[in-house]
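This report goes through the contacts in the structure shown below. It takes the surface around the nucleic acid before the contact between the protein chains.

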Number of protein chains: 2
Amino acid sequence: MSTTTSGTPTKLQLMELLAAIGTAQWRDFAAAAAHHGLTSTQAKVLAQLNGPLPMRALATLLVCDASNVTGIIDRLEARSLVRREPDPSDRRVKNVVATDEGRDIIRRVREEMQATSGALDTLDAAESTTLYDLLARLRPGMEKSA
Amino acid sequence: MSTTTSGTPTKLQLMELLAAIGTAQWRDFAAAAAHHGLTSTQAKVLAQLNGPLPMRALATLLVCDASNVTGIIDRLEARSLVRREPDPSDRRVKNVVATDEGRDIIRRVREEMQATSGALDTLDAAESTTLYDLLARLRPGMEKSA
DNA sequence: ATTGTTTACTTGACCACCTCAAGTATCTGG
DNA sequence: CCAGATACTTGAGGTGGTCAAGTAAACAAT
């Protein structure tokens, strides 16, 4: 007896498997980011910047204190991967926008997640759809705050 | 048009969904840990300690430098959640073992992952099995190092 | 329009985590 | 016995995170 229990998995087993997958994907992401001189946090922030985004919005997305964002953006800006622009309609807010270089680097990071990418290639269309639907159903419940 | 694309998901969509689920579970874990005065790293280490484990083995499991483990265990030991024991067969190694209090606290952290737990409750037995099997197939490929 | 409240951001202090380089103690193979 | 590997710690230095306090701008309200 051990891992060959192919009956219905317990909730605990599922949670551990989910955690293992999550950890693996995170490491793949962190490795790709490091390959371009970025920490995973920096890469994650860069990945959110499809358009101009106020500092506060970033803090909300990252679920962290606003002062934390200041530091992260400071470091990204020092490398010219990001710019702070004044908001025309509210002089309190600073909109963060990715520079061309920033967009380029995050695109390459995404492309280099080979472990994750390779693993997903082993699923056929039907399996991908099944997995996607199941995870999509799980998502809202997992993102509940309390 | 937008998220209602119920055809075959693209690999990118699957990767983003997986990342979202991973982040949500991680936050659930971190919140439960914080509820007991632990950082997520500390809780993660505690969760590995089913038996005595050398510092080096921990570093390997966490994929980090050995010196990092020294600090983490220092802090856990300061709270009596963990003990360092000499290894009888090799005086260089120190085996880390969880104290009763440590085992107790990590058990409670696991029990309090309510968001994740609640989300998984919405799957029936067949769906759980399907999800488990798909993820189990994905796992080895994702854990490949490079 | 002044006064008061809320909001956005920054700064500084402080801690956790992480790596690297160096040092000590111990083991292991020749 | 000795040379080299291994296990752990220490110290320096950077990143990520919180909290408290401060500044500046927007807003609300009479």
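## Surface near the DNA

H4(B) gives the largest share of the surface near DNA strand C, with 4 residues. The model is a predicted one. Four helices each supply at least two residues of this surface: helix H3 (55-62) and helix H4 (66-78) of chain A, and helix H2 (40-48) and helix H4 (66-78) of chain B.

In total, 22 residues surround DNA strand C. The closest are A:Arg56, A:Arg84 and A:Arg92 from chain A, together with B:Thr39 and B:Ser67 from chain B. Sorted by class, the surface near DNA strand C holds 9 charged, 7 polar and 6 nonpolar residues.

## Backbone and bases

Which parts of DNA strand C supply its atoms within 4 Å of the protein? Sugar or phosphate accounts for 75% of these atoms, and bases for the rest.

Individual side chains can be placed against this strand. A:Arg84, already listed among the closest residues, has a polar side-chain atom 2.8 Å from a phosphate oxygen of DNA strand C. For A:Thr70, a polar side-chain atom also lies 2.8 Å from a phosphate oxygen of the strand. From chain B, B:Asn68 places a polar side-chain atom 3.1 Å from a sugar or linking oxygen of DNA strand C.

## Extent of the protein interface

Chain A and chain B each bring 51 residues to their contact. Between them the two chains bury about 5,000 Å², and 71% of this area is on carbon and sulfur atoms. On the chain B side, the residues that lose the most area to chain A are B:Ile21, B:Tyr132 and B:Met142; together they make up 13% of what that side buries.

## Polar and charged pairs between the chains

There are 4 salt bridges between chain B and chain A. In one of them, the side chain of B:Asp121 meets that of A:Lys11, with an N to O distance of 3.1 Å. Polar contacts across the interface of chain B and chain A come to 12 residue pairs, with both residues at pLDDT 80 or more.

Which helices of chain B each supply at least two residues of the side that touches chain A? They are helix H1 (11-34), helix H3 (55-62), helix H6 (114-121) and helix H7 (125-142). By class, the side of chain B that touches chain A has 27 nonpolar, 13 polar and 11 charged residues.

Notes: Residues are numbered from 1 along each chain as its sequence is written. Chains are lettered from A and ligands numbered from 1 in the order in which they are written. This is a predicted model: local features need pLDDT of at least 70, side-chain atom pairs count only at pLDDT 80 or more; totals for chains, interfaces and linings use all residues. Side-chain values use heavy atoms; hydrogens and water are left out. Contact means heavy atoms within 4.5 Å. Buried area is the accessible area (1.4 Å probe) that two parts lose on being put together, summed over both. A polar contact is a pair of N or O atoms within 3.5 Å; within protein, one must be able to donate a hydrogen and the other to accept it, and residues adjacent in sequence count only if both atoms are side-chain atoms. Ala, Val, Leu, Ile, Met, Phe, Trp, Tyr, Cys and Pro count as nonpolar, Asp, Glu, Lys and Arg as charged, and the others, Gly among them, as polar. A residue is near a molecule or strand if one of its heavy atoms lies within 4 Å of it.
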